Structures are given as structure tokens and as C-alpha cells.
Amino acid sequence: MLDQKDGFFDALEVRSADAREAAQLDALNVQLARVRAAEDSCLPEGGALGSLDDLASLPVLRKSQLVEWQAAKPPFGGMTVANMAHVFQSPGPIYEPGGISHDWWRMGRFLHAVGIGKGDIVQNCFGYHLTPAGMIFESGARAVGAAVLPAGTGQTELQVRAARDIGCTAYAGTPDYLKVILDKADEMGEALAFTRAAVGGGALFPSLRAEYADRGITCLQCYATADLGNIAYESPAMEGMILDEGVIVEIVRPGTGDPVAEGEVGEVVVTSLNPDYPLIRFATGDLSAILPGQSPCGRTNRRIKGWMGRADQTTKIKGMFVRPEQVADLVAKTGVAKARVTASRAGESDVMTVQIESDGADVTALSEVVKATLKLSGKVEIVALGSLPNDGKVIDDQRSYD
């Protein structure tokens, strides 16, 4: 392991491409043997792969399949799970295991790149209720020797007071919630000690990053999921996202398992090398592209451009996924003709608007059903029958990511 003064989390970050591919291929073949040995293996029979490119011969695993498998055989659909300490629930519902061994979700690598380490106190504003995000970042903080205030979300005035009293030096949470805390601190006349921010769960817009920089806060983002843990992360070079050492990432043509050429936009498919929960060719539904070359920071793994939207219409709003099937459920529950969710921005915050085709519906009652079904509050607009576009789109993301 490299000493922290060298600027890297460990020696894996600077190994050669050949060494990385050889190590990952060995670990992958161990994973494949483990999965194939399971009673309800989803993989076809076969021997060891000769190269990482041979991954393309295996089937892609999609979230919809996980939902079906887990419904038939709860909680994990018969998939191999070891060393489980927690069970989490994500929208779908999908259930994920969690472990407490060292840096189980591999988030320490990202927090180290942000500059968080011993002596820091991280105000962790990711949720601890049902979903794993809070535990994912707490595990990473332990890996770099930082202390954690398990703050979660909400109660912003108390968040400000805790940050002031404890002297929190770093923030972890969704990109826009830090601004909520800072604005509340300004309103209360309090000066906070944040100098680092490790964010995820939503898009980090350039204007928001610039505002944090103006406040003396370095803000970097990662790309992680509840199923896989950390997939990629920014370094101080801020040129794309560097792939984590514990996953194999492919970019494939959406709707297929066929890899696309370097630089072409496609769906992110990830194979986890975590022996406790092997996911092989797991389709994230997210779009990205491989960047050529290496990061100027010295880390040698491949990079992706970052999150570039969804391969389907599923959209993340205020850190929560909204899925087409949830919109369909909303229509079924309310008996309205049609519904369409629009994601936009107001200042530095996400806004959700739900347009509903109906003749004389009660907006107040519909708003409660929207909140219960989509798990988010939003503006509800009643529109005339037949007025929504006939384009098959039920979720429209109008936010700009440039």
C-alpha cells in the first residue's frame, strides 16, 4: 500500500493496465465459478474466460429480473450472498445485502481522492433509513480514518447547529442539500468549517460546484449504486470519473449486451468483484462513455465521462429514482387518463412537476397520491384530456447537464 503522502489510496490505483487486467480476470473467474456453483445459478455452464473481452458472451442482468427473482424467492432471489450484516430496500422494491468488513462498498478510495482523512469529521447527510447510502459513505469514512456525524436529511437548523458545535470539516450527501445547509447557516449567522464535500445520488451542476468553490469547499462527485457500491469517482483533476478497482465496467448498446466503441455513448454494465455479493454484467440503466487516455492525477484506470442520462426513462430527482412503472401505478391508483412527470431546475434545486390528464380531479387528493406513489413531493397540474404529447414518454428530464 502506498503511503498517503504519495496522494493515492493504494498501489492498485497506479498499477499498469496489464497488471490490472490480469488481476481482474483472475478475480472474475473466481466469481463465475462461485455463481455457477449456486443452486439457482443464472449463468450458463462454461469454463474460465480467457480475457475480460469474453464477458460479452455472458447474459446481462437487469434490475427488472432482480425484482422478479426476489419476489419469487425473497429476499435475494436465490443469489449467493455471504458475510451479510444488513439488508436494505430500494425502490422496486429491490433488496440489497450489506457487509461491515473493511470498506465493503469501496467508498474509501473516493473519499481519499476528495482529501478526507484522519482528523476530519464528516457530516453524512445520506439516508440511513432502509436505503444503504448512509452506510456506504460511513464505511468509506472509516476506511480513511475520519469520524462521522450520521445526520441523514431534514431538520436543517439542527444540522447547522451540529456542524457548528462539532466542527464538521466535510460533507457527504446529495449535491444540492449542502447548499440548503449553507444557506440556513447564513440565515442563522453561523460560520461552518466545511472544506471538502463528497457528493453523489444526483447531478453536480457546474454552477453549484462553482458556488461551493467560492465558499472554499472542494466538491467532488462519485458514481455509485446501492447494488454495486462505488463504480467511479472524480479526482482533483476533475477530468471524467476514474473507474473503481473493484469493478469491471463495460459500455454497451442500450437494450443489448454488445460493447460499443471507446467514446461512444451506451449503457453502463458493471461486474462486481465483491466476493460476498457477486453481480455479473449488471445493467445500471445509466448512460456514459469511456474517455480515452488516463487522468492527469496519475491514477491509471480507465475513465468514464460521467452520468449522461438514463438508457430508459427512469430519472433521478432530488436523489431518488422515479421509474416509468411508478407513473403507471399512479395512473392505475387514481383512474386518471394519463400522467407525465417532468424534472426541471429552480435555482440549484430539482423540481418535479406531475401533469395529469383529467376532467375535474381534486389537486389536493392527487398530490397525496403522487407523494405516496413516487416517494417525492411535487407540483401537480391538471391538464385537459388529450393535451399531453402522444410520444410514449411518461418521464421528461428537462435539466441541462452541460
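Colleague: In strand 18, which residue is the bridge partner of Arg345?
Modeller: First a caveat: this is a predicted model, where local features need pLDDT of at least 70 and side-chain atom pairs count only at pLDDT 80 or more, while totals for chains, interfaces and linings use all residues. Residues are numbered from 1 along each chain as its sequence is written, and side-chain values use heavy atoms, leaving out hydrogens and water. Strand 17 (residues 338-346) and strand 18 (residues 349-357) pair in the antiparallel sense over 9 bridges (two strands pair if DSSP finds at least two bridges between them; helices, H or I and at least four residues, and strands, E and at least two, are DSSP runs numbered from the N terminus). In strand 18, Arg345 has as its bridge partner Asp350.

Colleague: Which are the edge strands of the open sheet of 4 strands?
Modeller: That sheet has mixed pairing and runs in the order 19-18-17-20. An edge strand here pairs on one side only, so look at the two ends of the order. They are strand 19 (379-383) and strand 20 (395-397).

Colleague: And what angle does helix 9 make with strand 19?
Modeller: Helix 9 (residues 363-374) lies across strand 17, strand 18 and strand 19. Axes are lines fitted to C-alpha atoms, for helices over the stretch in contact (heavy atoms within 4.5 Å), and angles run from 0 to 180 degrees between N-to-C directions. Helix 9 runs to strand 19 at about 125°.

Colleague: Over in helix 5, why are the buried residues on the same side?
Modeller: Buried means under 20% relative accessible area with a 1.4 Å probe, protein chains only (exposed is over 50%, partly exposed in between), and in helix 5 (residues 156-166) that gives Thr156, Gln159, Val160 and Ala163. They sit on the same side because the arc they cover around the axis, taken from the directions from the helix axis to the C-beta atoms, is only 100°.

Colleague: What do those buried residues of helix 5 pack against?
Modeller: There are two partners to look for, a strand and a helix. The buried residues of helix 5 pack against strand 3 (121-124) and helix 6 (177-188).

Colleague: Strand 3 is in the open sheet of 9 strands, right at one end or further in; what is the order?
Modeller: The pairing in that sheet is mixed, and its edge strands are strand 4 (147-150) and strand 13 (290-291). Strand 3 comes next to strand 4 in the order, which is 4-3-5-6-7-8-9-14-13.
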